[in-house]
Structures are given as C-alpha cells and as structure tokens.
Amino acid sequence: MNNKQRLWQIFGPVICAFILLICVFLLPWGRTFSPQNIYRAAISQNNNIFRGQKMKQTALSKNYVPFYGSSELSRFDPLHPSVLAKKYQRSYQPFLLGGPGSQSLAQYFGMQETKQQMTGKRAVFIVSPQWFTKQGQIPAAMSLYFSQLQAIDFLLDAHDSVATRYAARRLLSMPAGSASDSTYQALLTLASGQKLSDEQVLWLKLRRRALLNEDTFFTTSGIKNREPIIDKNAALLPEKYNVAKLQQVANEQGKQNTSSNQFGINNNFYRHRLNAGKLAGLKNSQRDFDYEQSPEYSDFQLVLKEFARNHENVLFIIPPVNEKWSNYTGLSQTRYQAAVNKIKHQLVAQGFYNIADLSRDGGKKYFMQDTIHLGWNGWLAVDRYVKPFMSQPQVEQNYHIKNYYFTRNWQQRRNVKSIKIHYQSGLNQAGIKNILRQQGFVGSTLIVKDGKVLMNYNQGYANRANKTPMTKQTSFLINSVQKMPTSVLLMQQVRAGKVKLSDKIAKYYPDVPHGDHITLLDMLQMRSGLFLRPGTKLGTNEFKSDAAGIKEDIKNLTYIGKAYGKRVYSPVNYLVLCGVISKVSGRSYESLFKEQFIHKLNLRHTAFLWDKAADNINLATSYGYALNTKHDLQPTKLNIDEIHGELGAGSVAMSNEDLYKLVNALFTDKSLMTASERKTLWNDPTGHGAADRYYCGGFYDMDRFYESNGTAGYNYSTFLRVSKDGRLVLIMQSNVPFKNYWTMRPAADQIMALAMNDETSKRQ
C-alpha cells in the first residue's frame, strides 16, 4: 500500500463526512408534512414546534389560525377551541402556540418565523395579566421556547428602530441571548443602533441554512399524539352546534370534575397540587401581588408591533382568575383590574379593538378549571367571541403604533386612565370606513348607543344630478327590513286577543294550500313551505287594493312539502300576514303602520312610497348600472304598482334617524312591544343562534345581536343590527349597488362586532 492510499484511509472518511455534513446542513432540503402530522403538531404544544419554522409555516399557509397563549392552552376539555373546531368541522383549526411561561417576549421571537404566512391573516392572542409581574418574562421559560433560528430571523430582518433596539436589549438580558457568541455580538450591534457588518450577515445566513435543515429534519420529533384526547372530548358534545346544549355539557363536566373541593378546581389538579398541607400555607399568600408595574408591558408592545407590521386581525382574550381562589389567597381584584385596564388602554390607544375581556368572570360557575386557567364555561365564553370573529370577512388592518409603550415610564405607570373600549372615544371609525370602502358601500351609516350618536358617516350623494349630500335624515326604501314592524303589528293583535300565533292560516284564508296545518308562527319563521309559483309576482299588475293583491298572491301560492318546517326565505308569508292583521283589526295595514309608528313616534322621514308624503321625506334617488356595465350609473325608475304588491314586506322608505327611533321604541315603549313579545319573536328557542341563522319576526338571531337585511329592491339596501338589549343600533343604507351581497352582509356583522366589543366586555 503506497503513501497516497494510506493517507486516503486515514483522511478519506473525514473528508467524506465533512462533505456529507455540508450537504446535510448547508444545502437546502425540502420536506412535506401529511395533513395528519400538521394537525398533530397544531394541538401538540411541542417545544420543537414552537421553536421551529417549517411546520408552522406549512400550517399557517393553510387553514390554521395561531392561538397564542401560555399554560391555559394545555387545559383540554370538551369546550376547548381545538375540540370545538374539529367537532363542528369549522373552516379553521387552532394552531396552539405556547405553554407554561410563554409570555410576550417568547411569543414575539416565535413570530419571527411566520411573518410572510401571517400577513393580512387572523390570530387569537390570550394575554394573561399574571404575566405582568415585576420580573416579567421568566428567563428559564424563555430559554425553553427560544431558538437560535428565531434570533437569526430577527437579526437578518431587523432595521434600526426603537422596537428593534428594545428587542435586542431585552434578549441580551436573558441567558438565551448569550447562548451563541455570533448571535450575542449581533444583538449588541443592533442594541446600539448600528447596522450589522457584511461579515456578520454572511455568517448568520450560513448558520441559518444549517438551522433550517436541522429544523426540517427534527421538527416533528417528540410530538405526542393528542388526537385521542380531542376525540374523547368531542364525543361528549352535541352533534350540531347548539349553545344551550353546549352550556349543559359544560355544567355537567364542571360539576363532575370539581366535586372534591370548595374552590371549583379540577379534582386532579386539587389532589396533586393543593393537598391539605400546601393549602394552609397559601392562605392570604397573594395579598401583595401587583401586576401594574412590569417590563412585560413593553414586551407586549413588541407583539403589538409585530401584529401591526403584518396587518393582522387579532382577537385578544383577557382571562380572569378563579374568584374563590383569589379570595382565599388575598389577591386584590382592584389591582388585577388595574392591570387589565392598563392592557386594554395599550391596545385601544393603538387601534386594537377586538378584545374579549373575561377578567370579571372568575366567579361564574365552572368558568375556571383550576386556580388561574379557563375551563368548561370559560372556553364556551371564549367561543362566543372566536366563532363570529372567524366568520367575519377579512379586511386590511391599519394600526398606529406608539413608541411610548417601550419606555420604562409606561412600564412603571400606575393609575392609568380608565379605558373601556368605549364607543365615544374608542369606536374604530377608521376601521369601519375601511370595511365599507373595501365592500364598495356608498350611503349612510349610523351607529347609536344609548341614544347618543357614535358614528354618522355619509358617503356619496342622495341625488347625484343635484349633488344632494347624504345625511341621517336621507330616506331609503328599507325593503325586507319592513317585515320587522309588520311582525310587531301582528303581535299587537295577539296581545289584544284577536289572533293566536298557533292559529292555522286556513282560519283566515281557506284557499291557502295546506293552510289547515300551517300556523301563523310558521309564516313568521319562514317555515311554512309556501312560495309563489315561478313566473308570478306579488300583487296585481295594476294596483287595485291591498285585499285584491293578497287574493292574487294566494291564487299564485304553491306548497312544497320538503320545505315545510325548514327556514326558506319567502316574502309572500308576510304579505298574507298583512291580510290577517287587516282582517282581525278591521283596519288597513297602512293605517295601522301610520298610527303605531309614523304618528306615534313622530317619524318625519318615513312614508309608503305611493303616499304623497313620500315627496317630503328626503328620499334618495337610487341608481343602477346601465346594461352590461359596472361603471355607468343610471337613476332607477320606481314601479309603484309593483311596490304596492310588497305592502308589509318592502314598501316603506325610512331615514336612518327614523329607523333608529322605531327600533329604540320597540325596546323602551311597552305599548308597542313588551320584553316577552320580543323574546317570542326574535330569540331562537333552540339556542342555535348564528349557527342555524334562526329567523322570526323580521330578524335573525345571531346569538350576540339581531340582524335584518333589506337589499336589491330598486337598488336600495338596508342593513340593520341591534344588540340584544337594544342599547346599540347599527344602520347602514345605500342607494347604489355595492360589490357583493354575500360579502356585504357579513361585513355589516363585522362592523357590529367592532362596535359591540367594548360594551360586551365591560358588562361581563
């Protein structure tokens, strides 16, 4: 064997190994993940997943939504977000990011790897006031969730700013920041406001390549399969989403799992963490806890800066503590609420309005699973925010980040002025206008809370030729929204004992097909199975009388048995009900409407379109596009004979101001309507809420609010939203076409949700 062969035997394997290492760690490697692996990662809360990049990027590019938080995400029960999403096959799946000790700083660096995937997307962020201790982020926990890949992604993408310098200094204060000399030196450079050298950038890029390959190879290692836990809990839920039944499950599970103690704490947690010896020593142990002064406020600002940079639409959830436990340990609720208020102030002041403040709910039954973590009814309360938040149309978010919140002055500030996400000062008018603009909505928008106008936004012209501006006194044809006052007139006859909702329609109109088993309530709920035959229209071609029009409608009715008992929208139901109202009262529908609403409430900009009064109500001219164009708007010609045929389902014009007066009166004037009558008409007795879009009396019961829509008729559109207590009313009316009804309708829901967030959280 010659010397060359000997040398190769000695150094050849080393050289090959070196080449192999270069191939493995410095050349890009790709990897795909199966849907099952992605799902298991999403529910795993595995630290490798949190620290890594590839799996998160893959999932968040799909239908997964990040749920950022800490140890509360580990508390699985049947109402946990991951269980609900799987059970009811929702359009999204939560990707759980966090565990014990994963506070704002850990979350911020974890976000560095998913900027592209999260731009313009949704996220849920659970922010616990208990993070905001004098120490802030626990260093050991930071090391647990931190990776050099996160640091390098931050370093390579950083530009000098207050936020960059703060983040660099904050990481340098942690052991994790000095775990690598190259990262440490780069952080020092950024912390001093300097730019990284070319050599630093090159070395960081080489390291990043190796770390990416390492992440690709090992990201799924150590993942526990939690699917059996999800499936076991999902099996306890009703097959269809039903709020009432879900609450029953929550109560049953809470009762079953908290039977061993007086605190409402999970039996296993109590047995293993709070035995008799430990319990005695914890009495009044939290009397001095204070969450109002903490570096966490500036760490939290880093998270907000990241959300703003990516234009993410974020729902923030603020959990409570177990009230019985806080009373035992002496934790001051006053101090706790001071921290909550400071967090909310920081959010609202920068344009983050989607806040579910549950911080006062710690005393509700089965709301908490243990001392500080959400459980059963707590998760159900979270879902009441998450579900509508996820169903709203996505719009671009524009926040206004303030560097003041990175200062020590803010960290240490006490007695922050109370912020209640209040309508008067906090209503996100810019966000609302942005939603309207994206939908192409032109018209008049009014938001009123407790009689005070919070927003009166008018865009476009009531008359384009005359350049007459929109105002809240401009009137529009309200179309199907009129079904709501029509149902009120029927209920007044019920109250007078002249009719019953259980009456069969055949009692009043024997010629109605299958009228001997269709009730008036069926018709109010659009579950009668009655429809106009194809090719026919409401009323007579030339108006003769209301009675003649209704007679023609009944002549043209057809009954579809498969539709009976199912909600299928059919306006003819309400035309026939107008006839019932007239028969039992001995008066015309029109005269009753005028007496009970127009005259009684002094509605100055309300009239039937055929009435002479319509000339004096500031009626907007409506416009439609000329044939085969989307840019040439032409005035719409009104067919009064045809409008007569709509009678109680779309023949009245009202201004935003008058429509608000009417709605407000229905909640405040018992002579018009009582609370029990409202419940009979508008509240879904099944508890399905928004899931089933229950309809009755002109409104959909959307769980958190009532909804009514009147669109397309003669190019007028009306969207009405009313909170369940009637205190908050949103009215949007337009006289020109917008982009799409099926996106405009949920956009109106989103605007209502924006307006509701504060009052809902304040009262909980």
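Contact here means heavy atoms within 4.5 Å, and angles run from 0 to 180 degrees between N-to-C directions. Keep both in mind for the first stop: select helix 19 (residues 333–348), which lies across strand 4 and strand 5 and runs at about 170 degrees to strand 5.

**The whole chain**

Now zoom out. This is a predicted model, and its protein chain holds 32 helices and 21 strands. The C-alpha trace spans about 115 × 65 × 55 Å along its principal axes. Of the 764 residues, 57% count as buried. Among contacts with a separation of 6 or more, 75% are between residues 24 or more positions apart.

**The parallel sheet**

Go back to strands 4 and 5 and add their partners. Five strands form an open sheet here, in the order 2-1-3-4-5, with parallel pairing. Strand 2 (93–97) and strand 5 (355–357) are the edges, each pairing on one side only. On average, neighbouring strands are turned by 20 degrees against each other, direction ignored.

Next, select helix 2 (residues 35–44). This helix packs on the sheet, touching strand 1 (64–68) and strand 2, and its direction makes about 55 degrees with that of strand 2.

For a look at the pairing itself, pick strand 3 (residues 122–126) and strand 4 (residues 313–318), which are joined in the parallel sense by five bridges. Which residue of strand 4 is the bridge partner of Ala123? Click on Val314 to find it.

**Two helices side by side**

Select helix 9 (residues 148–157) and helix 11 (residues 181–191). Their axes come within 11 Å and cross at roughly 35 degrees, and the crossing is left-handed. To see what fills the contact, show side chains for Gln148, Ala151, Ile152, Phe154 and Leu155 on helix 9, and for Thr183, Ala186, Leu187 and Leu190 on helix 11. Coloured by class, this contact shows seven nonpolar residues, two polar ones and no charged ones.

**Asp157 and Gln112**

Stay on helix 9 and pick Asp157, which lies in it. Is Asp157 buried or partly exposed? With 26% relative accessibility, Asp157 counts as partly exposed, because that class covers values between 20% and 50%. Beyond its neighbours within four places in sequence, Asp157 is in contact with Lys115 and Arg309. Its side chain makes a polar contact with the side chain of Arg309, at 2.2 Å.

Now move to Gln112, in the loop between helix 6 (104–110) and helix 7 (115–118). Gln112 has a relative accessible area of 6% and is therefore buried, the cut-off being under 20%. The side chain of Gln112 reaches the backbone oxygen of Tyr108 at 2.9 Å. Setting aside neighbours within four places in sequence, Gln112 is in contact with Gln150, Asp153, Phe154 and Glu306. You have already met Phe154, in the contact of helix 9 with helix 11.

**The antiparallel sheet**

For a longer jump, go from Asp157 to Asn740: they are 583 residues apart in sequence and 39 Å apart in space, C-alpha to C-alpha.

Then select the seven strands that form an open, antiparallel sheet in the order 7-6-21-20-19-18-17. Its edges are strand 7 (452–458) and strand 17 (694–696). Neighbouring strands are turned by 15 degrees against each other on average, direction ignored.

Within this sheet, six bridges join strand 20 (residues 717–723) to strand 21 (residues 728–734), and Ser717 stands opposite Ser734 of strand 21.

Finish with helix 31 (residues 675–682), which packs on the sheet and touches strand 17, strand 18 (699–701) and strand 19 (705–710). The direction of helix 31 makes about 125 degrees with that of strand 17.

Note on methods
Residues numbered from 1 in each chain as written. Predicted model: local features only at pLDDT ≥ 70, side-chain atom pairs only at ≥ 80, totals over all residues. Heavy atoms only, no water. Helix = DSSP H or I, 4+ residues; strand = E, 2+ residues; numbered from the N terminus. Left-handed = near helix turned anticlockwise from the far one by under 90°. Nonpolar A, V, L, I, M, F, W, Y, C, P; charged D, E, K, R; others polar. Pairing = 2+ DSSP bridges. Buried < 20%, exposed > 50% of the residue type's maximum accessible area, 1.4 Å probe, protein only. Polar contact = N/O pair within 3.5 Å; in protein donor to acceptor, adjacent residues only side chain to side chain.
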